[in-house]
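Please walk me through this model, taking one buried residue as the way in and moving outward from there to the sheet and the surface.

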Amino acid sequence: MKNFTNKQKVGLANKKITFNFIKKLMILTILAFSMFGISKLSAQNVSTYSFAQSSGSYSAIGGTTIASGTFDDQSYGTFNIGFNFTYHGTVFTTFGVSANGYIELGGVPTSSYTALTSIANVIAPMNANLNSSGSGTINYTTTGTTPNRILTVQWSNVGHAPGASPTLNFQIKLYETTNVVQFVYGTCAITFTSSTYGVGINGATTGDYNDRTTTTNWAATTAGGSNAATCTYFFTVYPASGQLYTWTPVL
């Protein structure tokens, strides 16, 4: 066995202390960055989500029927998302549905024609005074396998009251893991009566919003200047089948 002098022993001890110090410093640095990431995630507002509009395809779903036949202003829920969905840093497992073209995460929404200005945690593809005169349905289904499941909520053959015209078809999709929110528009009937819809999302308060506006083209919307912004619907201005709006959390 090798014998060390006192000087060598002191040197080895100092190296050990230095190594342990560096090791602890590295651990603390990693923890600090991790906590920063968690803090940033939990503090994220939906106003910081990135937005993209693109062309895709619309595929109608079956799944569970929430409403069918004649309905007007009703609210339904709550229903299971089917996975943990993180939205503005909060984990949601349930949602409620309004016949007026939106869902509320974590609760049953009150009936509103301007939900983005009055209800928190709203996701609204076409919010207005909607109803069904007999052929409309609202359905939902969760598809895929963990960690890539998708919740789809669908409104079919609903109209803008009074008169249940035009005929509208649209979906909300929530994506597991990425926590992306997407709107998918199907075939929408042309109408010569102009109307407007609230289109967008909001967070824990109505002041945290990320909505869209247009008076001319649903494929070229711009960011809304307030939570009351709307998209015009007219015989020359309406979403094409397969129009996609996508909101993605930015970390």
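**From a buried phenylalanine outward**

In this predicted model, F183 makes contact, leaving aside residues up to four places away in sequence, with I123, A124, P125, Q171, I172, V199, G200, I201, Q243, L244, Y245 and W247. The residue belongs to strand β10, and its relative accessibility of 0% falls under the 20% limit, so F183 counts as buried. One of its contacts is L244, and the C-alpha atoms of F183 and L244 are 5.6 Å apart in space although the two residues are 61 residues apart in sequence.

The strand pairing gives this contact its setting. Strand β10, which covers residues 181-185, is joined to β15 by 4 bridges, and the two strands run antiparallel. Within this pairing, V184 of the sequence stands opposite L244 in β15. In general, the strands of a sheet pair through backbone hydrogen bonds, in either a parallel or an antiparallel manner.

Both strands belong to an open sheet of 7 strands, whose order is β1-β15-β10-β9-β8-β7-β2 and whose pairing is antiparallel. The edges of this sheet are formed by β1 (50-55) and β2 (64-72), each of which pairs on one side only. From one strand to the next, the twist averages 15 degrees.

Side-chain charges offer another link between parts of the chain. The count of salt bridges comes to 1, and it is formed by the side chains of E176 and R149, which meet at 2.8 Å, N to O. Because E176 lies in the loop between β9 (168-175) and β10, while R149 lies in the loop between β7 (130-143) and β8 (150-160), the pair ties together parts that are 27 residues apart in sequence. The two partners can also be described by their accessibility: E176, with a relative accessible area of 10%, is buried, whereas R149, with a relative accessible area of 23%, is partly exposed.

The last stop is the surface. Here I190, F192, F235 and Y238 form a nonpolar patch, and together they have about 410 Å² of accessible area. Of these residues, Y238 lies in the loop between β14 (231-233) and β15 (243-248), and β15 is the strand that the 4 bridges join to β10. At 30% relative accessibility, Y238 counts as partly exposed, while F183, where this account began, is buried at 0%.

Technical notes:
Residues numbered from 1 in each chain as written. Predicted model: local features only at pLDDT ≥ 70, side-chain atom pairs only at ≥ 80, totals over all residues. Heavy atoms only, no water. Patch = residues over 30% accessible without salt bridge, like charges linked within 9 Å, V, L, I, M, F, W, Y side chains within 5 Å. Areas by Shrake-Rupley, 256 points an atom, 1.4 Å probe, with all protein chains shown as cover. Salt bridge = Lys/Arg side-chain N within 4 Å of Asp/Glu carboxyl O. Buried < 20%, exposed > 50% of the residue type's maximum accessible area, 1.4 Å probe, protein only. Pairing = 2+ DSSP bridges. Axes fitted to C-alpha atoms, helices over the stretch in contact; angles between N-to-C directions. Contact = heavy atoms within 4.5 Å.
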